[in-house]
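Got the viewer open? Here is a tour, stop by stop, with something to select at each one.

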Amino acid sequence: MGKVLQIGAGGVGTVVAHKMAQQPHIFEEITLASRTKKKVDATAEAIYKATGTRIRTAQVDADNVDELIKLINDVKPDLVVNVALPYQDLTIMDACLATGVSYLDTANYEPKDEAHFEYSWQWAYKERFEQAGITAILGCGFDPGVSGVFTAYAAKHHFDEIHQLDIVDCNAGNHHHAFATNFNPEINIREITQKGLYYKDGKWIETEPLEIHKPLTYPNIGARESYLLHHEELESLVKNYPTIKQARFWMTFGEQYLKHLDVIQNIGMSRIDEIEYEAPLANGSGVAKVKIVPLQFLKAVLPNPQDLGENYDGETSIGCRIRGVKDGKERTYYIYNNCSHQAAYKETGMQAVSYTTGVPAALGAEMYLKGLWKKPGVWNVEDFDPDPFMARLGEQGLPWIEEFDGDLEL
Ligand code: NDP
């Protein structure tokens, strides 16, 4: 049905490539490209062993638009799936524009030197994508991603007006490390240490980092302390569903994680500015002054999220709790998926956080190749029909459950 060029082969990328390789009738040719060719080749080999599908590999520096253009022209894909880092979103979108190829990602653009994310940078490409006749599907992981599709599904089938939206993300798993992040540590720590933000009555309200928290009860898991964070999908959802009066995002963290995060911040290891470091020369004849970014250095010594799967037990539970009106009556609605770390690991070699992100990205690519999510311009997932995506989500490994008129706790 089509050819895909995937850029990025980390934890999430491994799952995306795996899910696509399981479906050669849809993904006729897959090319997996990343910065480090050796790692990509090893991933392709593991996927071949698990699925019997051979995928091509390539090396690319996705910060370099010319290199990307050359690769896209060589591969001639129908779609570029970007699961590298948010820093690369704009260079990859530039290369897609230059070559006339559609685009999909799972996280919105962030500049390297500023821990700040918002859609304005990518939305600014809308007219150019329209004129080029190509589609960009933004934020097609779980959150953002499925969280937006769940909201669109609720709006289409269960509500006349949505008034309150709470996206709730619980990881009740245990990886048996003192401290580790579940996806790229640099991106993860930048996200969690920034100020909180939520939407109320037409305004955005800022909080101190992790200032607002409360226990929420997750299905099959129980009560977990949940912290209000800023999350990118709130920005598009309040725009696309203007009846929303309040929109918030909650994520669980354990005490151990927060204690380590506190220390990391207090000792300056979460800094994203460059500092000078005296590195001993290999021949022992003195030191060289090199610039390092503390958070990038920290990433190098933390456990690699890709290696967490084997001993990870427990599950994730992510969903949307929605309050609104249907046929003149107040209604509450909770839709969620629970995903087992071990089941995810057995299927793809990756834990559930990578799995819950990678499955929707591969499914979004399928929606595009089938022509179901295809329209020139730059779109968030809720801009497309949620039904065909929801119909396939369970089959692809992320079954969902709905509860009506229960206590949302929020
Ligand atoms: P990893 O750090 O595990 O993987 C990143 C991949 O991108 C690696 O293969 C890396 O290559 C590659 N890469 C980094 N820089 C470049 C570059 N300049 N050129 C080419 N390749 C590059 O990250 P994750 O897999 O954990 O996360 C991937 C994406 O998924 C991130 O954008 C993250 O924000 C997003 N995400 C989205 C979620 C959602 O629900 N929407 C949830 C979790 C993550 P190398 O091996 O050389 O480092």
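**Two hairpins to start**

Select residues 196-200 and 203-207: these are strands β8 and β9, which pair in the antiparallel sense over 5 bridges. Keep in mind as you go that this is a predicted model. Show G196 and look across the pair, where T207 in β9 stands opposite.

Now go to the turn. The hairpin of β8 and β9 has 2 residues between the strands, and D201 lies in that loop. Check its backbone: D201 has a positive phi of about 50°, although it is not a glycine. Is D201 buried or exposed? It has 7 C-beta neighbours inside 10 Å, so D201 counts as exposed.

Next, select 213-218 and 222-229. Strands β10 and β11 pair in the antiparallel sense too, over 6 bridges. Here L216 stands opposite R224 in β11. This hairpin has 3 residues between the strands, and N220 takes a positive phi near 65°.

**Zoom out**

Show the whole chain as a cartoon. You should find 14 helices and 18 strands. The radius of gyration is 21 Å, close to the 22 Å that the globule rule gives for 410 residues, so the protein chain is as compact as a globular protein of that length. Along its principal axes, the C-alpha trace spans about 75 × 50 × 40 Å. Buried residues make up 47% of the 410. If you draw the contacts between residues at least 6 apart in sequence, 72% of them join residues at least 24 apart.

**Into the core**

The largest nonpolar core holds 109 residues; color V80, A154 and A365, which touch the most other members. Helix α13, residues 352-369, gives the most to this core, with 11 residues.

Center on A154 and add its partners. Leaving out residues up to four places away in sequence, A154 touches F159, I162, C320, I322, Y333 and I335.

**Around the ligand**

Now pick the ligand and show what surrounds it. Which of the 32 residues around the ligand come nearest? They are G10, V12, A62, G141 and F183. Color the shell by type and it divides into 14 nonpolar, 13 polar and 5 charged residues.

Helix α1, residues 11-21, gives the most to this shell, with 3 residues, which makes α1 a good next selection. In this helix 11 of the 11 residues are buried, so α1 is largely enclosed by the rest of the structure. Step along α1 and you pass, among other buried residues, G11, T14, H18 and K19. To see what encloses the helix, add the strands β1 (2-7), β2 (27-34) and β4 (79-82), along with the helices α2 (37-51), α12 (341-348) and α13; the buried residues of α1 pack against these elements. You have already met α13 as the helix that gives the most to the core.

**Two backbone oddities**

Select D143 and P144 and look at the bond that joins them. The peptide bond from D143 to P144 is cis, with omega near 10°. P144 lies in the loop between β6 (135-138) and α7 (146-157).

For the last stop, go to the segment after β18 (401-404), where you will find E409. Phi of E409 is near 70°, a positive value in a residue other than glycine. How many C-beta neighbours does E409 have inside 10 Å? There are 14, so E409 counts as partly exposed.

Key. Residues are numbered from 1 along each chain as its sequence is written. This is a predicted model: local features need pLDDT of at least 70, side-chain atom pairs count only at pLDDT 80 or more; totals for chains, interfaces and linings use all residues. A nonpolar core is a set of buried Ala, Val, Leu, Ile, Met, Phe, Trp, Tyr and Cys residues joined through C-beta atoms within 7 Å. A residue is buried if 20 or more other C-beta atoms lie within 10 Å of its own, exposed if 12 or fewer, and partly exposed in between; C-beta atoms are placed from the backbone. Helices (H or I, at least four residues) and strands (E, at least two) are DSSP runs, numbered from the N terminus. Two residues are in contact if their C-beta atoms, placed from the backbone, lie within 7 Å. A residue is near a molecule or strand if its C-beta atom, placed from the backbone, lies within 6 Å of it. Ala, Val, Leu, Ile, Met, Phe, Trp, Tyr, Cys and Pro count as nonpolar, Asp, Glu, Lys and Arg as charged, and the others, Gly among them, as polar. The radius of gyration is taken over C-alpha atoms; the globule rule is 2.2 Å times the number of residues to the power 0.38. Two strands pair if DSSP finds at least two bridges between them.
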